[in-house]
Amino acid sequence: MSSAKLDRSGVLVTCPSCGKTNRLRYATLASAARCGACQARLTAPAEPVEVSDAAAFDAVIASSSLPVVVDFWAPWCGPCRMMAPELDKVAKGAAGEWVILKVNTDAVPELGDRFRIRSIPTLAIFQGGREIHRAAGARSAADIRALVDKNVAVHAS
Ligand SMILES: [Zn+2]
């Protein structure tokens, strides 16, 4: 599971060089950042970040300068568990390009209800504060990548 955490203003990441926790603000996620302690280069998380509360989720969606890909999942869902390693692979390649969030609909039921998630896994893509696409069902890393690339490109302006 991801070591990165979310709060209301940014993603908290651990510096790979000195181990200090740094906050990458959502609004500037697309720009390069440096560790406040040792000046090592920091990048947006290269792994899916688990969402623990709706307020943090809303903050990311509202202010992220990068497109946000959300995986609605639950621990008891077999296809979700099958897709998890695929999503990890995608996240490694998409660091600094998109943010990938995981919403456990059992842990944060408010979000599953609000977005009327009827089946899991469901991938939803957000850009500029709104949902631009969603797709239900498990996918391979290549298919996830293609799905996001296509939809983000269509909505970029
Ligand atoms: Zn550091």
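In which sense do strand 6 and strand 8 pair, and over how many bridges? I'll start there and then go through the rest of this predicted model.

1. **The strand 6 and strand 8 pairing.** These two run parallel, with two bridges between them. Strand 8 covers residues 99–104, and its lysine 102 sits opposite glutamate 50.

2. **The sheet around that pair.** Strands 6 and 8 belong to an open sheet of five strands, in the order 6-8-7-9-10, and the pairing is mixed. The edges are strand 6 (49–50) and strand 10 (130–136); each has a single partner strand, so one side of each has no neighbour in the sheet.

3. **Helix 1 on the sheet.** Helix 1, residues 54–63, packs on the sheet and touches strand 7 (68–73), strand 8 and strand 9 (122–127). If you compare directions, helix 1 makes about 150° with strand 7.

4. **Helix 2 on the sheet.** Helix 2 takes in residues 78–94 and lies across strand 7, strand 8 and strand 9. Its direction is at about 160° to strand 8.

5. **The disulfide.** Searching the whole structure turns up one disulfide. The partners are cysteine 77 and cysteine 80, with their sulfur atoms 2.2 Å apart. The link between cysteine 77 and cysteine 80 is right-handed, with 80° about the S-S bond. As a reminder, a disulfide is a covalent bond between the sulfur atoms of two cysteines. Cysteine 77 counts as buried because its relative accessibility is 3%, under the 20% cut-off. Cysteine 80 is buried too, at 2%.

6. **The zinc site.** Four cysteines hold the zinc ion through their SG atoms: Cys15, Cys18, Cys35 and Cys38, at 2.3 Å. Along the chain, these donors follow the spacing C-x2-C-x16-C-x2-C.

7. **Geometry at the zinc.** Why call the arrangement tetrahedral? Because the four donor atoms subtend angles of 106 to 115° around the zinc ion, and the test asks for all angles to lie between 85 and 135 degrees. For reference, the ideal angle for four tetrahedral donors is 109.5 degrees.

8. **Exposure of the zinc ligands.** Which of cysteine 35 and cysteine 38 is buried, and which is partly exposed? Cysteine 35 is the buried one, with a relative accessible area of 1%. Cysteine 38 comes out at 31%, so it counts as partly exposed. Cysteine 15, another of the zinc donors, is buried at 3%.

Note on methods
Residues are numbered from 1 along each chain as its sequence is written. This is a predicted model: local features need pLDDT of at least 70, side-chain atom pairs count only at pLDDT 80 or more; totals for chains, interfaces and linings use all residues. Side-chain values use heavy atoms; hydrogens and water are left out. Donors are N, O and S atoms within 2.8 Å of the metal (3.2 Å for Na, K and Ca); water is not among the atoms, so sites may look incomplete. Four donors count as tetrahedral if all angles lie between 85 and 135 degrees; four count as square planar and six as octahedral if opposite donors are over 155 degrees apart and all others between 65 and 115; anything else is irregular. Buried means under 20% relative accessible area, exposed over 50%, partly exposed in between (1.4 Å probe, protein chains only). Two strands pair if DSSP finds at least two bridges between them. Helices (H or I, at least four residues) and strands (E, at least two) are DSSP runs, numbered from the N terminus. Contact means heavy atoms within 4.5 Å. Axes are lines fitted to C-alpha atoms, for helices over the stretch in contact, and angles run from 0 to 180 degrees between N-to-C directions. A disulfide is a pair of cysteine sulfur atoms within 2.5 Å.
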